[in-house]
Amino acid sequence: MKNNRRAFIKLAGIAAAGLALAPKAMASSGASPVKKNPAGITAKRWAMVIDSTKLHTKEDIAKLAEVCHSIHNVPHIEGNQNVKWIWGAPYAQAFPEQENPHLAEEVHEREYILLCNHCENPPCVRVCPTQATYKRPDGIVAMDYHRCIGCRYCMAGCPYGSRSFNWGEPREGLDLSKLNPEFPTRMRGVVEKCNFCVERLAVGKLPACVEASEGAIVFGDLSDPDSDVRKVLRERFTIRRKPAVGTEPGVYYII
Amino acid sequence: MKMHYGFPIIVGLGLFIGLLCLPFVIGKGITKEYKQPELKLPANEKECIESKEFMRREHMQLLNDWRDWALRDGKRIYTNHAGKEFTISLQNTCMKCHNNKADFCDKCHTDAGVSPYCWDCHIQPEGLK
């Protein structure tokens, strides 16, 4: 073949096209060894509706917190270093932007159950320098504790106080004889929070608090117009926490 | 050319090199042959997730992949080369067969002088004290 400029440019063009196609051809050659559990339940956007007319006493919330904390091995620590996935607060703290001086007394005095809101625009995910916290395609804001370096940016970023830092060894705050052996604990120096029970959804179970709430908490797919949550949201008046910060929480409250 | 103080220099050098090599000579006599640690393998399960050689060499990489598949991708079923399916979980799959961390994990890890941080969070099958 005569080596001229035209032949060289042609060959270079073919080589460039090959380079562009190669990664795709190589990737499809090996079958992925992993798949989702077919028994698990999936959604495009998980969301929760809490009926505060049914669930509004400190005792009821403590009961649900106990269920959650025991299956996730959340340590019990008194004082301002406490670790919590579920907790309660009065109206003024839960919905500070939506308070008025003449609010119905009964609404004002209720205790509201609080947890991670699994926001549409989670500030914790944006600020995490190691991507230890991330948003899953189904809307759940999850954490990879292996990766958390304990910088606590996410705690500064979260407008809801949904995150707790393990200042000490969390195992010192746990009853080691009553651990859930199916779930890990955490280590000192990581942040933790509610995970919307991803490990339960993966095997087809609803979140533990939903199951224990006796109908006061509804859980489902927000993107499906026929889901339980959408039905409740259509019928009842609901509010979300701190709407002005624009995080679009996935947890709704019936007032 | 005549070497000044030739005799003491040669003798001194000989002594110096002899002393330098002494530990190797003595060491060979007193050190024992290296023995691989003896692991306690599961009693009622002969096959691991993958072949013995693969697990021995690559288990750390496999655990890393398992972590990312389960947490990041939400895919918690692993199919091995023989086509058998396993739930991706250290506590609920691996340690169900290898039900003694001290007799399995720790043996090699102690021997090799590595201290993986798995058990800072994960609960070993023996439970915590």
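Two residues are in contact if their C-beta atoms, placed from the backbone, lie within 7 Å. With that cut-off in mind, the legends below describe views of a predicted model.

**View 1. Overall form of chain A in the predicted model.** Among the contacts in chain A between residues at least 6 apart in sequence, 67% join residues that are at least 24 apart. The chain contains nine helices and 11 strands, and 34% of its 255 residues count as buried. A compact globule of 255 residues would have a radius of gyration near 18 Å, whereas chain A has 24 Å. Along its principal axes, the C-alpha trace of chain A spans about 95 × 45 × 35 Å.

**View 2. The side of chain A that touches chain B.** Here 20 residues of chain A are in contact with 17 residues of chain B. On the chain A side, the residues that touch chain B divide into 10 nonpolar, three polar and seven charged.

**View 3. A strand of chain A paired with a strand of chain B.** Strand β1 of chain A, residues 34-35, and strand β1 of chain B, residues 77-79, pair in the antiparallel sense, and two bridges join them. Within this pairing, A:Val34 has B:Tyr78 of β1(B) as its bridge partner.

**View 4. The open sheet of three strands to which both chains contribute.** The strand order is β1(A)-β1(B)-β2(B), and the pairing is antiparallel. At the edges stand β1 of chain A and β2 of chain B (85-87), each of which has a single partner strand, so one side of each is left without a neighbour in the sheet. Between β1(B) and β2(B), the antiparallel pairing runs over three bridges. B:Tyr78, which is the bridge partner of A:Val34, also stands opposite B:Phe86 in β2(B).

**View 5. Strand β11 of chain A and its pairing with β2 and β10 of that chain.** Strand β2, residues 46-51, and strand β11, residues 251-254, run parallel and are joined by four bridges; in this pairing, A:Asp51 has A:Ile254 as its bridge partner in β11(A). Strand β10, residues 238-239, pairs with β11(A) in the antiparallel sense over two bridges, and the partner of A:Ile239 in β11(A) is A:Tyr253. Strand β11 of chain A is thus shown with a parallel pairing to β2 and an antiparallel pairing to β10.

How values were computed:
Residues numbered from 1 in each chain as written. Chains lettered and ligands numbered in written order. Predicted model: local features only at pLDDT ≥ 70, side-chain atom pairs only at ≥ 80, totals over all residues. Rg over C-alpha atoms; globule rule 2.2 N^0.38 Å. Buried ≥ 20, exposed ≤ 12 C-beta atoms within 10 Å, placed from the backbone. Nonpolar A, V, L, I, M, F, W, Y, C, P; charged D, E, K, R; others polar. Pairing = 2+ DSSP bridges.
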